[in-house]
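Below is a short report on one chain. Keep the sequence and the structure open while reading.

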Amino acid sequence: MSATVEQRSYEDALSWLREHGFDLIEAPGTQGRVFLKKYNVSAAIQKNGPEGVKIFAYPGYLIGSEISKLINRGYQQFLKTAKTEVPATADHLKALQQFTEELKEGLGLPSLYNESLGTVSESYQYARGKKLGRWPQQQTKRAARNCNEFAFSANE
């Protein structure tokens with residue numbers, strides 16, 4: 001069963017966001033673009049056509065005055081800006097998720113199942129073996145053999 005969501009107009013979205021505690025800052029030099037801030041997370045939205053609204057800059061935790069990008073390296077998530085990169089803590093991720101869910105509600109955008117389970121990174125960077133993206137043949141065989149040995153010993 002799918003729930004239909006009615007997208008809000010730009011003015012209705014701004015009104016809803018103000019009422020729900022978002023700080024709104026007009027983007028300098030442009031019309032119809034606003035930066036939002038709440039929970040030390042920021043994003044930007046802009047007018048999309050005569051009645052629509054879209055996300056211009058996706059939500060990111062603020063590090064200094066810069067919106068960070070969430071990067072997933074498999075073993076750890078990081079907040080990356082042009083100048084620095086810091087490990088993302090549980091508090092960072094919780095703030096990002098809360099902000100994103102409220103932003104979607106304010107804009108009238110659908111909340112997707114996989115995104116509501118937790119924060120979703122913009123970038124996934126996994127290192128596998130010496131050649132990125134490939135496991136050496138020998139490591140793959142060894143991993144499969146170890147899994148089979150564990151499965152047999154667990155059934156005994």
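## Contacts and overall make-up

Among contacts in the chain between residues at least 6 apart in sequence, what percentage join residues at least 24 apart? The share is 42%. The model behind this value is predicted.

The chain has 156 residues, and 31% of them count as buried. Its accessible surface comes to about 10,800 Å². Carbon and sulfur atoms account for 51% of that surface.

## Order of elements

Four helices and nine strands make up the list of elements in the chain. Read from the N terminus, the order is α-β-β-β-β-β-β-β-β-α-α-β-α.

## The nonpolar core

The largest nonpolar core holds 23 residues. Within this core, the residues with the most contacts are Leu 17, Leu 36, Ile 45, Phe 99, Leu 103 and Leu 107. Five elements each supply at least two core residues: α1 (10-19), β2 (33-38), β3 (41-48), β4 (52-63) and α2. Helix α2 gives the largest share, six residues.

Leu 17 shows how such contacts run. Setting aside residues up to four places away in sequence, Leu 17 touches Phe 22, Leu 24, Leu 36, Ile 45, Leu 103, Gly 106 and Leu 107.

## Helix α2

Does the length of α2 agree or disagree with the expected span? Helix α2 covers residues 90-107, which is 18 residues. At 1.5 Å a residue, the expected span is 26 Å. The end C-alpha atoms are 26 Å apart, so the two agree.

The buried residues of α2 are His 92, Leu 93, Ala 95, Leu 96, Phe 99, Glu 102, Leu 103, Lys 104, Gly 106 and Leu 107. Charged names appear in that list: Glu 102 and Lys 104 are among the buried residues. After the helix comes Gly 108, with a positive phi near 75°.

## The loop between β2 and β3

Which residue of this loop has a phi of about 60° although it is not a glycine? That residue is Tyr 39, placed in the loop between β2 and β3. Tyr 39 has 38% relative accessibility, so it counts as partly exposed.

Asn 40 lies in the loop between β2 and β3 as well. Its phi is near 65°, again positive in a residue other than glycine. Asn 40 counts as partly exposed because its relative accessibility is 30%, and the partly exposed class runs between 20% and 50%.

## A buried loop residue

Thr 81 sits in the loop between β7 (77-80) and β8 (85-87). Is Thr 81 buried or exposed? Thr 81 counts as buried because its relative accessibility is 8%, and the cut-off for buried is under 20%. Apart from residues up to four places away in sequence, Thr 81 touches Ile 63, Glu 66 and Ser 68.

## Rings and charges

How many aromatic pairs does a search of the whole structure find? The search finds one.

Charges over ring faces also occur. Arg 33 lies over the face of Phe 56, at 3.5 Å from the ring centre. Arg 73 lies over the face of Phe 78, at 5.1 Å from the ring centre.

Terms used:
Residues are numbered from 1 along each chain as its sequence is written. This is a predicted model: local features need pLDDT of at least 70, side-chain atom pairs count only at pLDDT 80 or more; totals for chains, interfaces and linings use all residues. Side-chain values use heavy atoms; hydrogens and water are left out. Rings of Phe, Tyr and Trp (its six-membered ring) pair if their centres lie within 6.5 Å; planes under 30 degrees apart count as stacked, over 60 as edge-to-face and the rest as tilted. A charge sits over a ring if NZ of Lys or CZ of Arg is within 6 Å of the ring centre and within 35 degrees of the ring normal. Buried means under 20% relative accessible area, exposed over 50%, partly exposed in between (1.4 Å probe, protein chains only). Contact means heavy atoms within 4.5 Å. Accessible areas come from the Shrake-Rupley method with a 1.4 Å probe; for residues, only the protein chains shown count as cover. The expected span of a helix is 1.5 Å times one less than its number of residues. A nonpolar core is a set of buried Ala, Val, Leu, Ile, Met, Phe, Trp, Tyr and Cys residues joined through side-chain atoms within 4.5 Å.
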